[in-house]
Amino acid sequence: MSRTQRLLNLLQLLRGHRFPVTGAQLAAQLDISLRTLYRDIATLQQQGANIEGEAGLGYVLRPGFMLPPLMFSEEEIEALVLGSRWVVARGDSRLSAAASSALTRIAAVLPEALRHSLDSSALLVGPDSKTTPAVAWLPDIRRAIKAERKLDIHYRDLNDRDSQRCIWPFALGYFDQVDVLVAWCELRQEFRHFRTDRILSLTMLATHYPRRRQVLLKEWRAREGIAPQ
């Protein structure tokens with residue numbers, strides 16, 4: 001096994017543990033010595049992996065570490081680039097800027113051969129077919145989803161009927177023609193889908209909704225017959 005593969009395997013092992021795991025356990029699973037394990041841990045920390053712990057106490061990988069692009073295959077990089085370009089072209093201003101920044105960072109650390117492949121990629125994103133203008137509060141919707149906060153919205157349905165709703169937003173779907181917010185509606189006591197371009201106004205409330213976002217998403221997928229991703 002190459003050292004690069006061993007480091008990748010070590011990261012995968014750490015990702016699978018929510019609580020500290022001892023160096024002895026990790027070394028046994030990788031079939032390496034403790035000295036080699038400690039050296040590999042130090043190498044990953046130097047590369048930016050947020051690994052906490054020390055010899056004798058155990059190690060845990062904190063969230064936020066991204067594998068270096070050098071470890072991706074050419075096709076994996078193409079997939080990442082194509083997805084990022086789609087977001088640059090179709091996302092709201094803040095999401096588009098974030099995707100553009102991510103592309104720049106990926107390109108900056110790629111070896112020359114892969115950087116040339118990125119620049120000359122023949123995988124293109126088609127023109128946006130949406131006929132409605134970008135919705136200004138999409139960033140607020142994403143923040144509410146992440147924070148698991150309730151939203152108070154003024155909504156106009158396809159029959160031009162207005163209503164005031166208190167909802168629990170937990171997913172946002174991007175489609176060719178429209179973007180759709182998936183939420184639990186307190187008024188209807190059911191899952192509902194809201195076109196973001198038909199939300200007339202919204203206010204993020206200080207109240208957290210009482211159920212976890214992951215639970216709501218799982219129940220909604222089961223009701224819709226959507227396989228987990």
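These legends walk through four close-up views of a predicted model.

**View 1. The largest pocket and the residues around it.**
Here we zoom in on a space of about 220 Å³, which is what the largest pocket holds. Twelve residues make up its lining, and the ones nearest the centre are A171, L172, G173, V182 and W220. Three elements each chip in at least two lining residues: strand 4 (162-174), strand 5 (179-185) and helix 8 (213-224). As for the chemistry of the lining, eight residues are nonpolar, three are polar and one is charged.

**View 2. Y155 and F194, an edge-to-face pair.**
Search the whole structure and you get seven aromatic pairs. In the one shown here, the ring centres of Y155 and F194 sit 5.0 Å apart and the ring planes meet at 85°, so the pair counts as edge-to-face, a label that needs an angle over 60 degrees. Y155 belongs to strand 3 (residues 149-156) and F194 to strand 6 (residues 190-195), so the pair ties together parts that are 39 residues apart in sequence. Are these two rings buried or exposed? Y155 has a relative accessible area of 8%, so it is buried. F194 is buried too, with a relative accessible area of 2%.

**View 3. F170 meets F191, and a cluster of aromatics.**
This is another edge-to-face pair: the centres of F170 and F191 are 5.6 Å apart, with 75° between the planes. F170 comes from strand 4 and F191 from strand 6, so this contact ties together parts that are 21 residues apart in sequence. Both of these phenylalanines are buried. Step back a little and F170 and F191 turn out to be part of one aromatic cluster, together with W168, W184, Y209 and W220. W220 may ring a bell from View 1, where it is listed among the residues nearest the centre of the largest pocket.

**View 4. D157 and two backbone nitrogens.**
Our last stop is the loop between strand 3 and strand 4, which is where D157 is found. Why does D157 count as buried? Its relative accessible area is 19%, and buried means under 20%, so D157 makes the cut. Which backbone nitrogens does its side chain reach? One belongs to N159, at 2.9 Å from the D157 side chain. Another belongs to R161, and this nitrogen lies 2.9 Å from a polar atom of the side chain of D157.

Terms used: Residues are numbered from 1 along each chain as its sequence is written. This is a predicted model: local features need pLDDT of at least 70, side-chain atom pairs count only at pLDDT 80 or more; totals for chains, interfaces and linings use all residues. Side-chain values use heavy atoms; hydrogens and water are left out. On a 1 Å grid over the protein atoms alone, a cavity is a set of points where a 1.4 Å probe fits but cannot get out, and a pocket is an open set with protein on both sides within 12 Å along at least five of seven lines; lining residues have an atom within 4 Å of a point. Grid points are joined across faces, edges and corners, and a volume is the space filled by probe spheres set on the points. Helices (H or I, at least four residues) and strands (E, at least two) are DSSP runs, numbered from the N terminus. Ala, Val, Leu, Ile, Met, Phe, Trp, Tyr, Cys and Pro count as nonpolar, Asp, Glu, Lys and Arg as charged, and the others, Gly among them, as polar. Rings of Phe, Tyr and Trp (its six-membered ring) pair if their centres lie within 6.5 Å; planes under 30 degrees apart count as stacked, over 60 as edge-to-face and the rest as tilted. Buried means under 20% relative accessible area, exposed over 50%, partly exposed in between (1.4 Å probe, protein chains only). A polar contact is a pair of N or O atoms within 3.5 Å; within protein, one must be able to donate a hydrogen and the other to accept it, and residues adjacent in sequence count only if both atoms are side-chain atoms.
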